[in-house]
Amino acid sequence: MAATAVRPGRVWNRVGIYTGAFVFSVLCGFPFLWAVITTFKQDADLYNPNHNPFTFTRGATLSNITDLFETTPYLHFIVNSVVIGIIVVGITLLLSLPAAYALARLSGSWGRRLGIGIFMVYLVPPTLLFLPLSRLITVLGLQDSIWSLVVVYPGFTIPLSTWLLMGFFRSIPRDIEEQARVDGYSRLQAVIRTVLPLTLPGIFSVVVFSFTLTMQDFIYALSFVSSSSRMTISVGVPTYLIRGDVFYWQSLMASAVIVAIPVAFLYNAFLDRFIQGFAMGAVKG
Amino acid sequence: MAVVETRGLRKRFGDTVAVDGIDLLTGEGEYLVLLGPSGCGKTTLLRLIAGLESPSEGDVLIGGRAVTSLPPRARRIAMVFQSYALYPHKSVSRNIAFPLAAAGVPKDEWRQRIHWAASLLGIEHLLDRKPRELSGGERQRVALARAMVREPEVFLLDEPLSNLDAKLRATARDELKQFQQRIGTTTVYVTHDQTEAMGLGERIAVLEHGRIQQIGSPREIYEDPANAFVATFVGAPPMNLLQRNGMLVGFRPEHFLPESAAGGRAGLQRLSFKVGRVEYLGSDRYVYGRVPEVDPEAKVVAKLPSTVPDVVPSGETVPFVVPLDALRFFDRDTGVRKPPPPGPIA
């Protein structure tokens, strides 16, 4: 845009937006910055209250990170968390996509009511389900196994995912699917080739939501798994890096940042797809 | 090419009967229009033929083959929806190729088939665009190209012109007619617009309450309506209907002229017309009023061409005439067409 064409009112608008965005991003990025700086600090530097927390009074060190990998099964924690996350996301999609499609398209006025019913299930607090689920895990013989979490998590992710996807399916005109059926495809093929591509933003939302939920959970991961090699990040890290009242702050920060940064980049990649997907959905052919 | 036939076709949705026993037979390569007000069952009938709904009773035959239990993909039909239903995530050429992929046409043939369909509809320059970048008329052509690329036996069109603005509609109607004449495929066309029906159809089936009220050429439908519904649904303004001796007497507004303009021909029925309001529309004038000597309740419209001199002042009673052979008679209760009774009507 040519600078001469911009009116003063517009300029102030821009300044306002960019100032707001800057303040907000600093606010969001600040804890990460602090964590990263802390990661590289020596004990003597970190625990001296006279030192500025944002500068290195003594030299930076990598020993906190090497300690993390050498003295704790941190790699196991990561692998466990990622494996559980991926399997749970897979199960969630596998069950909630057909369920949401059926509720949105096939069951008439009952679809909506059932959908709300399923959503209500999500509103039951997870802590309330704790006792029956731990009994279930014992019956299945899955104590102290990552599979216990693979069984439990879909119970929390599927209801909301189904409800979310229902909305996406409803927003896609029936005509498009029927057109595909007339154009020579079976109902299943029509859904896979025309409806699912248009539901991508919804599918991405479900992936992000489910993955985040499995990464965040603490109570089930804590109580169903006790061997250190089977722990997830959210349980393993505090178990190993908080001993009695001693907090290994630098390594704790390192463990959080190492996981958070790739996840943040991954979400950012999804974010582009969201925006693209929503823009596509806005103009229905 | 194939004929479409329905036998005793019935479709119920809960308590409502959308299609109520329809027997229909198209000709080979015929352009058949299903005409009716909204909710008359015409779209449901088309969807039953397409296989998108399954009938409660009856059968659908395409090319003499019973297809009632076959899914849409096995019926060798092509359908154009009112919304055009273009796949928003695919380019125009991918949209047109979509039925080819389903039909198992080898990929090296696609290019040639796509270009054949696109050139016939004049959309070759749009092949790389996405549907959202197209105007309404262009979308319609893409939908038609996609429909014809597979060379179906039957075309089913569901109000394909209703999303276009009025100006575009006339040219699109003309193109649609030329297009069908060129490829000569049997076509079933659904519309609620009688101008489209008259202009496009070789035959028109008028539907109401899920039943066919009349089927015939546009001329038959207009000049010899089978019942009072067809008489009033087709024609703008509709046929005037007056109650007289347990019958309905009908005549078209354009047949109702001032006596002074009729030129003293024989075989005319004279009626005193109490003029209410006159509407000037350029080429025509619509004169609204009543004929108290026949039916004081019924509203009557006369459509006077601009060639008729202005002799109808509001509020006065003027002698009008209608040719006797333009009168149509219907049963007052059932609306069914009756032969003309002996003697004058007034």
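Buried area is the accessible area, taken with a 1.4 Å probe, that two parts lose on being put together, summed over both. The model is predicted, so that local features need pLDDT of at least 70 and side-chain atom pairs count only at pLDDT 80 or more, whereas totals for chains, interfaces and linings use all residues. Residues are numbered from 1 along each chain as its sequence is written, chains are lettered from A and ligands numbered from 1 in the order in which they are written, and side-chain values use heavy atoms, with hydrogens and water left out.

**Exercise 1. Describe the interface of chain B and chain A by its area, its contacts and the elements that supply it.**

Step 1. Begin with the area: about 2,200 Å² is buried between chain B and chain A, and carbon and sulfur atoms give 60% of this.

Step 2. Turn to contacts, meaning heavy atoms within 4.5 Å: 26 residues of chain B are in contact with 19 residues of chain A.

Step 3. Consider polar contacts, each a pair of N or O atoms within 3.5 Å, where within protein one must be able to donate a hydrogen and the other to accept it, and where residues adjacent in sequence count only if both atoms are side-chain atoms. The rule finds 11 residue pairs in polar contact across the interface of chain B and chain A, both residues being at pLDDT 80 or more.

Step 4. Assign the chain B side to elements, which are DSSP runs numbered from the N terminus, helices being H or I with at least four residues and strands E with at least two. Strand S6 (77–80), helix H2 (92–103) and helix H4 (136–148) of chain B each give at least two residues to the side that touches chain A, and the largest share, 4 residues, comes from H2(B).

Step 5. Sort that side by class, where Ala, Val, Leu, Ile, Met, Phe, Trp, Tyr, Cys and Pro count as nonpolar, Asp, Glu, Lys and Arg as charged, and the others, Gly among them, as polar. The side of chain B that touches chain A then has 16 nonpolar, 3 polar and 7 charged residues.

**Exercise 2. Locate the salt bridges between chain B and chain A.**

Step 1. State the criterion: a salt bridge is a side-chain nitrogen of Lys or Arg within 4 Å of a carboxyl oxygen of Asp or Glu. Side chains of opposite charge can pair when their charged atoms come close.

Step 2. Count: the structure holds 24 salt bridges over all chains, and the count between chain B and chain A is 2.

Step 3. Identify the pairs: the side chains of B:Arg146 and A:Asp183 meet at 3.8 Å, N to O, while those of B:Arg47 and A:Glu178 meet at 2.7 Å, N to O. The latter pair crosses from helix H1 (residues 42–50) of chain B, which holds B:Arg47, to helix H9 (residues 174–182) of chain A, which holds A:Glu178.

**Exercise 3. Describe how domain 1 and domain 2 of chain A meet.**

Step 1. Fix the bounds, which come from an automatic or database domain assignment: domain 1 of chain A covers 3–61 and domain 2 covers 65–282. Their C-alpha centres lie 32 Å apart.

Step 2. Examine the interface, where 11 residues of domain 1 of chain A are in contact with 8 residues of domain 2 of chain A. The area buried between these domains is about 740 Å², with carbon and sulfur atoms giving 72%.

Step 3. Look for polar interactions: the rule finds 0 salt bridges across the interface of these two domains of chain A, but 4 residue pairs in polar contact, both residues at pLDDT 80 or more.

**Exercise 4. Work out the strand order and the edges of two open sheets in chain B.**

Step 1. Use the pairing rule that two strands pair if DSSP finds at least two bridges between them. One open sheet of 4 strands then has the order S2-S1-S4-S5 in chain B, with antiparallel pairing, and its edge strands are S2 (16–25) and S5 (65–66) of chain B.

Step 2. Follow one pairing: strand S1 (residues 4–13) of chain B and S2(B) are antiparallel over 7 bridges, and B:Thr6 stands opposite B:Leu24 in S2(B).

Step 3. Repeat for the open sheet of 5 strands, whose order in chain B is S13-S17-S14-S15-S16, again with antiparallel pairing. Strands S13 (257–258) and S16 (295–305) of chain B each have a single partner strand, so one side of each is left without a neighbour in the sheet.
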